[in-house]
Amino acid sequence: MSHEEPDKFIALVTAKAEVDLRLSDFEPRSMLVTPEHHTERARFPAIDYHNHLDAQEPSAVLRVMDECNIERIINITMRVGDEALAMIERFHRAAPNRFSTIGWMDWSDLHAPGFFIRAVERLERLVEQGVCGLKIWKDLGLSLRDVNGELLQVDDERLAPLFEKAGELGVPVMFHIADPDAFFLPLDRFNERYEELAAHPDWSFHGSHFSKDELLAQRDRVFAHHPQTTFVAAHVAERPENLAYVSRLLKAHPNLYVDIGARTAELGRQPYTAREFFIQHADRILFGTDLVPELEMYRLHFRFLETADEYFDYPSHASRQGRWKIYGLHLPDEVLRRVYRENALELLK
Ligand SMILES: [Zn+2]
């Protein structure tokens, strides 16, 4: 009877541990040694086209901007009504050449008669007050119901006059419709945004009435129905996981721009594809951060866009976006100039 020891090599390649370590406590430190560049200032003056400054002190933000070469920030105010006008004024008074404001769609009286006409009049008033765009958020399509209790579709015909008016007035409409693909999937061990969704359970749209594909299809029909209106699809059109789709979208709709706000995690984990995407669509991509304006946050963006550094932390909110690191895109200067500033200037004129 043979009583052989298991083969040493087979034992080595089949060993596996059942590990009992809290995921929240797991913080592996990379042992990689590769070149690191700490970009203090943007290589060219940059316009942050997607930020939210309502809670910030303008003078403190200006100090950060001066230190890292941010020429202007577009504040997407989340205030409506008189509070929105006060916010426009606050940043205009602080530095008219350094701040601009995008207005927030006011749904507060959606159920009162005449809402859709009022929405058009409100846009006119906001533009008179100096806003450079209108932001429409994902409550449209996910939660807003009309007076009959029906979920409002993104391409609801009643909103068409609003989109037409934006075109007439020459201000872009920014859409943030839907969210990362993983937010529409069950929160289980296969979900790549598990920790983030655990920190923000209300960010999960698993089981939403309209699927993510349907929400984006509604939005994309709006781009097609209003060719005279310029649109900005925020967050890489909500599909940075699939840049081939975003590329097709940009080709199909010449009236469309995308911003990269809060999506460096997605872009930076596919550096070959993302670099091609930036080069191919250099005149349609807007630098935007969607994060609290701090030096380190901006510097990580510059490192991502400008250097070929490998495997570093992406700029993020506290709960992070996924357990991975990013790679720099090392974009050519002419692409950087367009993305940092020139494309935004097209939309601001
Ligand atoms: Zn935002």
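Buried here means under 20% relative accessible area. With that cut-off in hand, select strand E1: six of its six residues are buried, so E1 is largely enclosed by the rest of the structure. The model on screen is a predicted one.

**The sheet**

Keep E1 selected and add the other strands. Together they make an open sheet of eight strands, in the order E1-E2-E3-E4-E5-E6-E7-E8, with parallel pairing. E1 (46-51) and E8 (285-286) are the edge strands; each has a single partner strand, so one side of each has no neighbour in the sheet. Strands of a sheet pair through backbone hydrogen bonds, either parallel or antiparallel.

Next, show E1 with E2. Four bridges pair these two strands in the parallel sense. To find the register, look for Ala 46, which stands opposite Ile 70 in E2, and then for Asn 51, which stands opposite Asn 75 in E2. Strand E2 (residues 70-76) is mostly covered, with six of its seven residues buried.

Move to E5 (residues 173-175) and E6 (residues 231-233). These strands run parallel and are joined by three bridges. Val 173 is the residue that stands opposite Phe 231 in E6.

**Asp 259 in E7**

Select Asp 259, in strand E7 (residues 256-259). Asp 259 has 0% relative accessibility and counts as buried. What does Asp 259 touch, not counting residues up to four places away in sequence? Its contacts are His 50, Met 174, Val 232, Ala 233, Ala 234, His 235, Val 236 and Leu 286. For a distance check, draw a line to Glu 214: the two residues are 45 apart in sequence, and their C-alpha atoms are 21 Å apart in space.

**The nonpolar cores**

Now colour Trp 107, Ile 136, Phe 175, Phe 278 and Phe 287. Within the largest nonpolar core, which has 86 residues, these touch the most other members. Helix H13 (residues 295-306) supplies the largest share of this core, six residues. Another core, of 14 residues, lies apart from it; among its members are Tyr 49, Ile 74, Ile 76 and Tyr 257.

Centre the view on Phe 175. Leaving aside neighbours within four places in sequence, the residues in contact with Phe 175 include Ile 136, Val 154, Phe 163, Arg 219, Phe 231 and Glu 238.

Phe 163 leads to helix H6 (residues 160-169), whose buried residues are Ala 160, Leu 162, Phe 163, Lys 165 and Ala 166. They pack against helix H4 (115-128), strand E4 (134-136), E5, helix H8 (212-225) and E6. Just after H6, Gly 170 takes a positive phi of about 75°.

**Two backbone angles**

Most residues other than glycine have a negative phi, and most peptide bonds are trans. Select Ala 262, which is not a glycine but has a positive phi of about 55°. Ala 262 is in the loop between E7 and helix H11 (264-268) and is buried, at 9% relative accessible area. Then go to His 330, also not a glycine, with a positive phi of about 50°. His 330 sits in the loop between H13 and helix H14 (333-348) and is partly exposed, at 44% relative accessibility.

**Salt bridges**

The whole structure holds 35 salt bridges. Start with Arg 122 and Asp 106, whose side chains meet at 3.7 Å, N to O. Arg 122 is in helix H4 and Asp 106 in the loop between strand E3 (99-104) and H4, so the pair ties together parts 16 residues apart in sequence. Are these two residues buried or exposed? Both Arg 122 and Asp 106 are buried.

Next come Asp 109 and Arg 118, joined by a salt bridge of 2.7 Å, N to O. Asp 109 is buried at 17% relative accessibility, whereas Arg 118 is partly exposed at 23%.

Return to Glu 214 and add Arg 221; their side chains form a salt bridge of 3.8 Å, N to O. Arg 221 is partly exposed, at 33%, and Glu 214 is partly exposed, at 28%. Finally, select Glu 192, Arg 193, Glu 196, Glu 266 and Arg 269, which are linked in a network of salt bridges.

**A surface patch**

The last stop is on the surface. Val 19, Leu 21, Leu 23, Phe 26, Leu 187 and Tyr 194 form a nonpolar patch there, with about 560 Å² of accessible area together. Leu 187 belongs to the loop between E5 and helix H7 (194-199) and is partly exposed, with a relative accessible area of 40%.

Technical notes
Residues numbered from 1 in each chain as written. Predicted model: local features only at pLDDT ≥ 70, side-chain atom pairs only at ≥ 80, totals over all residues. Heavy atoms only, no water. Pairing = 2+ DSSP bridges. Patch = residues over 30% accessible without salt bridge, like charges linked within 9 Å, V, L, I, M, F, W, Y side chains within 5 Å. Areas by Shrake-Rupley, 256 points an atom, 1.4 Å probe, with all protein chains shown as cover. Salt bridge = Lys/Arg side-chain N within 4 Å of Asp/Glu carboxyl O. Buried < 20%, exposed > 50% of the residue type's maximum accessible area, 1.4 Å probe, protein only. Core = buried A, V, L, I, M, F, W, Y, C linked by side-chain atoms within 4.5 Å. Contact = heavy atoms within 4.5 Å.
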